[in-house]
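Open the model in a viewer and keep the sequence panel visible. The stops below say what to select next and what is there.

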Amino acid sequence: SSDLSTKKQGRYFVMYYQKAASDAPSLGIVISKKHARTSIQRNLAKRLVREHFRLQQHDLKSWQILLLAKPGIMRANRVELHQDLEQLFSFLKKIS
């Protein structure tokens, strides 16, 4: 299918995923103003996600991933965000 219809719920993110045509994994991040008021907050959260993805991408094979932030994201600290991302990405590694 052409849409990212398969999804997995995390504590702070909803992850939509599908197999990609290429060998390299790809990542999209959506953090709305509704969930993170300032651009500083949104950019910080996106940087954390990108860094976690960068460290994991060699294990993620050919997945297209879209992460949507959930309402409680700005109440989470870095450790909680990393734990949530680790849980979501390890799910993908298991089903690869």
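Select strand E1 (residues 6-9) together with E2: in this predicted model, the two strands pair in the antiparallel sense over four bridges. Three residues lie between E1 and E2, and the two strands form a hairpin. Show Lys7 and look for its bridge partner in E2, which is Tyr16.

Stay on E2, residues 13-19, and add strand E4, residues 63-69. E2 and E4 run antiparallel and are joined by seven bridges. Tyr16 has a bridge partner in E4 as well, namely Leu66. Is E2 mostly covered, or mostly open? Colour its residues by accessibility: five of the seven are buried, so E2 is mostly covered, buried here being under 20% relative accessible area.

Now zoom out to the whole chain. Two helices and four strands make up its secondary structure, and along the sequence they follow the pattern β-β-β-α-β-α. A box of roughly 35 × 25 × 20 Å along the principal axes holds the C-alpha atoms. The radius of gyration is 13 Å, which agrees with the value near 12 Å for a compact globule of 96 residues. Of the 96 residues, 35% count as buried. Among contacts with a separation of 6 or more, 78% are between residues 24 or more positions apart.

**The nonpolar core**

In soluble globular proteins, nonpolar side chains tend to be buried together. Which residues have the most contacts inside the largest nonpolar core? Select Phe13, Met15, Ile65 and Leu67; they hold that place in a core of 22 residues. E2, H1, E4 and H2 each supply at least two residues of this core. H2 gives the most, with five.

Centre on Ile65 and show its surroundings. Leaving out residues up to four places away in sequence, Ile65 touches Met15, Tyr16, Ser26, Leu27, Gly28, Phe53, Leu60, Phe89 and Leu92.

Next select Leu85, in helix H2. With a relative accessible area of 1%, Leu85 is buried. Its contacts, again not counting residues up to four places away in sequence, are Phe13, Leu48, Val49, His52 and Leu67. Draw a distance from Leu85 to Phe13: the C-alpha atoms are separated by 7.9 Å, with the two positions 72 residues apart along the chain taken as their spacing.

**Aromatic pairs**

A pair of aromatic rings is described by the distance of the centres and the angle of the planes. The structure holds three aromatic pairs. Start with Tyr17 and Phe91, whose ring centres are 5.8 Å apart; their planes stand at 70 degrees, so the pair is edge-to-face. This pair links distant parts of the chain, as Tyr17 is in strand E2 and Phe91 is in helix H2 (residues 78-95), 74 residues apart. Tyr17 counts as buried at 8% relative accessibility, whereas Phe91 is partly exposed at 21%.

Move to Phe53 and Phe89. Their rings also form an edge-to-face pair, 6.2 Å centre to centre and with 65 degrees between the planes. Phe53 sits in helix H1 (residues 39-56) and Phe89 in helix H2, 36 residues apart, which again links distant parts of the chain. Both residues are buried: Phe53 has a relative accessible area of 8%, and Phe89 has 0%.

Which residues form one aromatic cluster? Add Trp63 to Tyr17 and Phe91, and the cluster is on screen.

**Lysines over the rings**

Keep the cluster displayed and show two lysine side chains. Lys8 lies over the face of Phe91, at 4.8 Å from the ring centre. Lys19 lies over the face of Trp63, and there the distance to the ring centre is 4.4 Å.

**Last stop**

Finish with Arg54, which has its place in helix H1. Is Arg54 buried or partly exposed? Its relative accessibility is 47%, and it counts as partly exposed. Add Leu27 to the selection: Arg54 and Leu27 are 27 residues apart in sequence, and their C-alpha atoms are 9.8 Å apart in space.

Technical notes:
Residues are numbered from 1 along each chain as its sequence is written. This is a predicted model: local features need pLDDT of at least 70, side-chain atom pairs count only at pLDDT 80 or more; totals for chains, interfaces and linings use all residues. Side-chain values use heavy atoms; hydrogens and water are left out. Rings of Phe, Tyr and Trp (its six-membered ring) pair if their centres lie within 6.5 Å; planes under 30 degrees apart count as stacked, over 60 as edge-to-face and the rest as tilted. Buried means under 20% relative accessible area, exposed over 50%, partly exposed in between (1.4 Å probe, protein chains only). A charge sits over a ring if NZ of Lys or CZ of Arg is within 6 Å of the ring centre and within 35 degrees of the ring normal. Two strands pair if DSSP finds at least two bridges between them. A nonpolar core is a set of buried Ala, Val, Leu, Ile, Met, Phe, Trp, Tyr and Cys residues joined through side-chain atoms within 4.5 Å. Contact means heavy atoms within 4.5 Å. The radius of gyration is taken over C-alpha atoms; the globule rule is 2.2 Å times the number of residues to the power 0.38.
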